[in-house]
Amino acid sequence: MNNSLLIVEDEPKLAKLLSNYLRQAGYEPECLENGLDVLPRVRDNLPALILLDLMLPGRDGVEICKEIRSFSAVPIIMVTARIEEIDRLLGLELGADDYICKPFSPREVVARVKAVLRRSAGQQPSGETPLLQMDEGRLLVWLRGQELELTVVEFKLLEFLAANPGRIYGRNQLMDHIYPDQRIVSDRTIDSHIKNLRKKLASLSPDTDIIHSVYGVGYKYDPQG
Ligand code: CA
């Protein structure tokens, strides 16, 4: 398993503190201080996750994040010194996986790193059998490697939900996605498709419950089960 973390932080004391905590948590951290060194390092050897400070000598975190995203989906946690920055960063849609504001407790950073890695492991299989694979052309999905055939509607629903793990979609949103021509269908139609989809998934792996209904609201995909 890839346990390497890249800490990009120009305050040496802070970098050392983070590095110590993350090492104790079982990761292999490496620190860089200068923004200009990040891209070559990442291209050379992709870490499992990057902790990226916003204000850096050489090159700022926003530019670095954008450029990494042009070639890699490696998890990135942006670190900023001002809480107000986070709204601006969110608006830029950089594709970062999380944002942490200074001052932070190193324990919190470790927890966030773990959470982001867990989340991305659900999406980007590495080595182990991936939780979910989908082949739209053949309407096939594989749940932990086991093959399952779905109907077009079931496939579209699963694909739509799985694109944003944890996000709750209302029945209307799901209907708009499945029936973009605004065909009049009862919202119970979605429920029955979801019910069939869950039944099929459960027939393969009863313990892996990846589609959850949220009472009174809708549905979500949760790779954690
Ligand atoms: Ca800084």
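Trainee: Why does N20 count as partly exposed?
Mentor: The relative accessible area of N20 is 37%. Buried means under 20%, exposed means over 50%, and partly exposed lies in between (1.4 Å probe, protein chains only), so N20 with 37% counts as partly exposed. The model is predicted: local features need pLDDT of at least 70, side-chain atom pairs count only at pLDDT 80 or more, and totals for chains, interfaces and linings use all residues. Residues are numbered from 1 along each chain as its sequence is written, and side-chain values use heavy atoms, without hydrogens and water.

Trainee: Where is N20 found, and how far is N20 from H193?
Mentor: N20 is found in helix α1; helices (H or I, at least four residues) and strands (E, at least two) are DSSP runs numbered from the N terminus. N20 and H193 are 173 residues apart in sequence and 49 Å apart in space, C-alpha to C-alpha.

Trainee: What makes D10, D53 and M55 donors of the calcium ion?
Mentor: D10 (OD), D53 (OD) and M55 (O) coordinate the calcium ion at 2.1 to 2.3 Å. Donors are N, O and S atoms within 2.8 Å of the metal (3.2 Å for Na, K and Ca), so these atoms qualify; water is not among the atoms, so the site may look incomplete.

Trainee: Which parts of the chain do D10 and M55 come from?
Mentor: D10 is in the loop between β1 (4-8) and α1 (12-24), while M55 is in the loop between β3 (49-53) and α3 (61-69), 45 residues apart. D10, at 27%, is partly exposed, whereas M55, at 61%, counts as exposed.

Trainee: How do you know that D222 has no salt bridge?
Mentor: The nearest side chain of opposite charge, K220, is 4.5 Å away from D222. Lys and Arg count as positive and Asp and Glu as negative; His and the chain ends are not counted. A salt bridge needs a side-chain nitrogen of Lys or Arg within 4 Å of a carboxyl oxygen of Asp or Glu, so 4.5 Å does not qualify. D222 is nevertheless buried.

Trainee: What makes a set of residues a nonpolar core, and which residues have the most contacts inside the largest one?
Mentor: A nonpolar core is a set of buried Ala, Val, Leu, Ile, Met, Phe, Trp, Tyr and Cys residues joined through side-chain atoms within 4.5 Å. The largest has 26 residues, and L158 and I210 have the most contacts inside it. Helix α6 gives the most to this core, with 6 residues.
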